[in-house]
Amino acid sequence: CSLIFFDEAASEYRATDPTRPITATDETRRKIGHGELAPHPAEECLSLDRGLNAIEDYLRSCERPSWLEYKYAK
């Protein structure tokens, strides 16, 4: 899966999981590409269980999970 968090200024924070990286095929990366034409960047792919845990943490705390890292994009 892939997660992008937004702040109040609509800045993007793309989640990465360097402690538990996964290998995703080009086909999978295209499917989770958020509508982008190119396959989603491999380093921004997370396992489904880690993605779901991150969503649960966010819904509980209203903050991006600190156990993930983020790439900032305006």
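**Entry 1. Terms and starting point**

I take contact to mean heavy atoms within 4.5 Å. The model I consulted is a predicted one. With that cut-off I looked up Y70, setting aside its neighbours within four places in sequence, and I found it in contact with F5, Y13, R14, A15, T16, R64 and P65.

**Entry 2. Y70**

I placed Y70 in strand 3, which covers residues 69-73. I then checked its side chain and noted that one of its polar atoms lies 2.7 Å from the backbone oxygen of P65. I also looked up the separation of Y70 from T23: the two are 47 residues apart in sequence, and their C-alpha atoms are 18 Å apart in space.

**Entry 3. R64 and two rings**

I turned next to R64, which appears among the contacts of Y70. The charged end of R64 sits over the ring of Y70, 4.9 Å from the ring centre. I found R64 over the face of Y13 as well, at 3.9 Å from the centre of that ring.

**Entry 4. Aromatic pairs**

How many aromatic pairs does the structure hold? I recorded three. One that I examined joins F5 and Y58; it is tilted, with 5.4 Å from centre to centre and 55° between the planes. This pair links distant parts of the chain, since F5 belongs to strand 1 (residues 4-6) and Y58 to helix 2, 53 residues apart. I noted further that F5, Y58 and Y70 form one aromatic cluster.

**Entry 5. Burial of F5 and Y58**

Is F5 buried or exposed? I recorded F5 as buried, because its relative accessibility is 9% and the cut-off for burial is under 20%. Y58, by contrast, is partly exposed, with a relative accessible area of 31%.

**Entry 6. Surroundings of F5**

I listed the residues that F5 touches, not counting those up to four places away in sequence: S11, E12, Y13, A15, Y58, R64, P65 and Y70. F5 also belongs to the largest nonpolar core, a set of seven residues. The other members are L3, Y13, A15, L46, A54 and L68.

**Entry 7. R50**

Lastly I looked up R50, which is found in helix 2 (residues 48-61). R50 is buried, with a relative accessible area of 10%. Which side chain does the side chain of R50 meet in a polar contact? I found that of D17, at 2.7 Å. Apart from neighbours within four places in sequence, I noted R50 in contact with D17, T19, R20 and W67.

Definitions and conventions: Residues are numbered from 1 along each chain as its sequence is written. This is a predicted model: local features need pLDDT of at least 70, side-chain atom pairs count only at pLDDT 80 or more; totals for chains, interfaces and linings use all residues. Side-chain values use heavy atoms; hydrogens and water are left out. Helices (H or I, at least four residues) and strands (E, at least two) are DSSP runs, numbered from the N terminus. Buried means under 20% relative accessible area, exposed over 50%, partly exposed in between (1.4 Å probe, protein chains only). A polar contact is a pair of N or O atoms within 3.5 Å; within protein, one must be able to donate a hydrogen and the other to accept it, and residues adjacent in sequence count only if both atoms are side-chain atoms. A nonpolar core is a set of buried Ala, Val, Leu, Ile, Met, Phe, Trp, Tyr and Cys residues joined through side-chain atoms within 4.5 Å. Rings of Phe, Tyr and Trp (its six-membered ring) pair if their centres lie within 6.5 Å; planes under 30 degrees apart count as stacked, over 60 as edge-to-face and the rest as tilted. A charge sits over a ring if NZ of Lys or CZ of Arg is within 6 Å of the ring centre and within 35 degrees of the ring normal.
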